[in-house]
Amino acid sequence: MAAALMWIPLLVGFLAGLGGAEAQQTTLHPLVGRFFVHTLDHATFLRLPEHVAVPPTVRITYHAHLQGHPDLPRWLRYTQRSPYNPGFLYGTATPEDRGHQVIEVTAYNRGSFDTTRQRLVLIIGDPEGPRLPYHAEFLVRSHDVEEVLPSTPASRFLTALGGLWEPGQLQLLNVTSALDRGGRVPLPIEGHKEGVYIKVGSASPFSTCLKMVASPDSQARCAQGQPPLLSCYDTLAPYFRVDWCDVSLVDISVPEPPEEMPTLGDGILEYDPFFCPPTEATDRDFLTDALVTLLVPLLVALLLTLLLAYIMCCRREGRLKRDQATSDIQMIHHFTIHGNTEELRQMAASREVPRPLSTLPMFNVRTGERLPPRVDSAQVPLILDQH
């Protein structure tokens, strides 16, 4: 009864949480080809007043999925380091994703078991402004992916990269964890990070410094374990530790010519004087080939069988030849042992020996006396001399 009463407050609290879990709706406007990030903050889901801070002991986890589907769309990803940290939805939409998408987010409070739902309406459109045909991707080994997703580190990276690139508008195109590119999980040592790939686009051409880093000479030096050629000052250091051997530059300013479609013909080959196919084929009898293929292996197998049978059965030496090759003394010794063995076996089979007295019941070894068979064994002393 006491256990049942204990579950009543928990059930009431769970039902109250379900009743209060009204889905909030937020409208966002991602752009095609531009990096999008949305922070899932604890304060938004806890519905705390503006002047009240989130307690540091609150543990909240999130689950996000596309409305009507179990997972997120292919261009959107979710990450959260721990229940004490906020979650992030990030990714870069493609032209195929243009349109209207609804993301449903459910927050679970691991302390009070409350659930809060939020609906994110994503209206994906085309970006405004000039095209960004020059793309550069950098591997930053000093950060994890959730450390770069907030706006402050991302803006700091673009500002620092402006010292290496010619003046122009730099836009963040994509951010990907190194683990998603096949990287290994680092050891739990201070200063070791997972690494993150940051892709930046610009309307200005690549600077001479970036071209030198991606040149074949720099790649050859990296293959030998040496640092690449860097003709300018590294403005990203020391806050961002970039692996300059893993820098890729892509120039899409000049569109690739479309592939030529093959021209379909009538299916008839043109006349070629060097190709003279035979007009007629003579009939051929394959009976001889079949007989040779089957009979020759069978004949060889039969000859080998006869040879093996002759060696094993027709060339045995026999007992007579063996006895003639053995000395007389050895033969006499052998037959003597054999005869003695047979004689002992016959004697053992014909002897009549009475049953050993020690196997009879209540036999006295010292006197040889045997008790009557109807004597109560419980009345017989263990030592007969004491009787």
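**Close-up views of the predicted model**

**View 1. In helix H4, the buried residues are Pro153, Ala154, Phe157, Leu158, Ala160 and Leu161.** Down the helix axis, these buried residues of H4 fall within an arc of 165 degrees, so they line one face of the helix. An α-helix has 3.6 residues a turn, so residues three or four places apart point the same way. Ser151, Thr152 and Thr159 are exposed on the other side of H4. The packing partners of the buried H4 residues are E8, H3, E9 and E10. The model shown here and in the other views is predicted.

**View 2. The largest nonpolar core has 32 residues.** Phe138, Phe157, Leu161, Trp165, Val200, Leu236 and Trp244 touch the most other members of this core. Two or more residues each come from strand E5 (87-92), strand E8 (134-140), helix H3 (145-148), helix H4 (151-161), strand E9 (170-177), strand E10 (196-202), helix H5 (208-213) and strand E11 (242-251). H4 gives the most to this core, with five residues. Leaving out residues up to four places away in sequence, phenylalanine 157 touches Phe138, Val140, Ile198, Val200, Leu236 and Phe240. A second, separate core has 20 residues, including Leu28, Leu76, Ala93 and Leu122. In soluble globular proteins, nonpolar side chains tend to be buried together.

**View 3. Valine 175 lies in strand E9.** With a relative accessible area of 2%, valine 175 is buried, because buried means under 20%. Apart from neighbours within four places in sequence, the contacts of valine 175 are Phe35, Tyr90, Val145, Leu149, Val196 and Tyr197. Glutamate 146 is 29 residues from valine 175 in sequence, and the two C-alpha atoms are 9.8 Å apart in space.

**View 4. Arg81, Asp144, Glu146 and Glu194 are linked in a network of salt bridges.** In the salt bridge between aspartate 144 and arginine 81, the closest N and O atoms are 3.5 Å apart. Aspartate 144 sits in the loop between E8 and H3, and arginine 81 in the loop between strand E4 (76-79) and E5; this pair links distant parts of the chain, 63 residues apart. Aspartate 144 is buried at a relative accessible area of 8%, whereas arginine 81 is partly exposed at 42%. Arginine 81 also meets the side chain of glutamate 194 in a salt bridge (3.3 Å, N to O). Glutamate 194 lies in the loop between E9 and E10 and arginine 81 in the loop between E4 and E5, so this salt bridge ties together parts that are 113 residues apart in sequence. Glutamate 194 is buried, with a relative accessible area of 18%. Side chains of opposite charge can pair when their charged atoms come close.

**View 5. Glutamate 147 and lysine 193 meet through their side chains in a salt bridge (3.0 Å, N to O).** Glutamate 147 is in helix H3 and lysine 193 is in the loop between E9 and E10; the pair, 46 residues apart, links distant parts of the chain. Glutamate 147 counts as partly exposed at 28% relative accessibility, and lysine 193 is partly exposed with a relative accessible area of 30%. The structure holds 10 salt bridges.

**View 6. Two backbone features lie in loops.** A cis peptide bond, with omega about 0 degrees, joins alanine 237 and proline 238. Proline 238 is in the loop between helix H6 (216-223) and E11. Phenylalanine 113 is not a glycine, yet has a positive phi of about 65 degrees. Its loop runs between strand E6 (99-109) and strand E7 (115-124). Phenylalanine 113 is exposed, with a relative accessible area of 65%. Most residues other than glycine have a negative phi, and most peptide bonds are trans.

**View 7. Leu287, Leu291, Leu294, Leu295 and Leu298 form a nonpolar patch on the surface.** Together these leucines have about 510 Å² of accessible area. Leucine 298 belongs to helix H7 (residues 287-314). The relative accessible area of leucine 298 is 57%, so this residue is exposed.

**View 8. The whole protein contains nine helices and 11 strands.** Of its 387 residues, 27% count as buried. Among contacts with a separation of 6 or more, 69% are between residues 24 or more positions apart. The protein exposes about 28,400 Å², with carbon and sulfur atoms supplying 59% of this area.

Notes:
Residues are numbered from 1 along each chain as its sequence is written. This is a predicted model: local features need pLDDT of at least 70, side-chain atom pairs count only at pLDDT 80 or more; totals for chains, interfaces and linings use all residues. Side-chain values use heavy atoms; hydrogens and water are left out. Patches are made of residues with over 30% relative accessible area and no salt bridge: like charges are joined within 9 Å, nonpolar side chains (Val, Leu, Ile, Met, Phe, Trp, Tyr) within 5 Å. Accessible areas come from the Shrake-Rupley method with a 1.4 Å probe; for residues, only the protein chains shown count as cover. A salt bridge is a side-chain nitrogen of Lys or Arg within 4 Å of a carboxyl oxygen of Asp or Glu. Helices (H or I, at least four residues) and strands (E, at least two) are DSSP runs, numbered from the N terminus. Buried means under 20% relative accessible area, exposed over 50%, partly exposed in between (1.4 Å probe, protein chains only). A nonpolar core is a set of buried Ala, Val, Leu, Ile, Met, Phe, Trp, Tyr and Cys residues joined through side-chain atoms within 4.5 Å. Contact means heavy atoms within 4.5 Å. The arc is that of the directions from the helix axis to the C-beta atoms.
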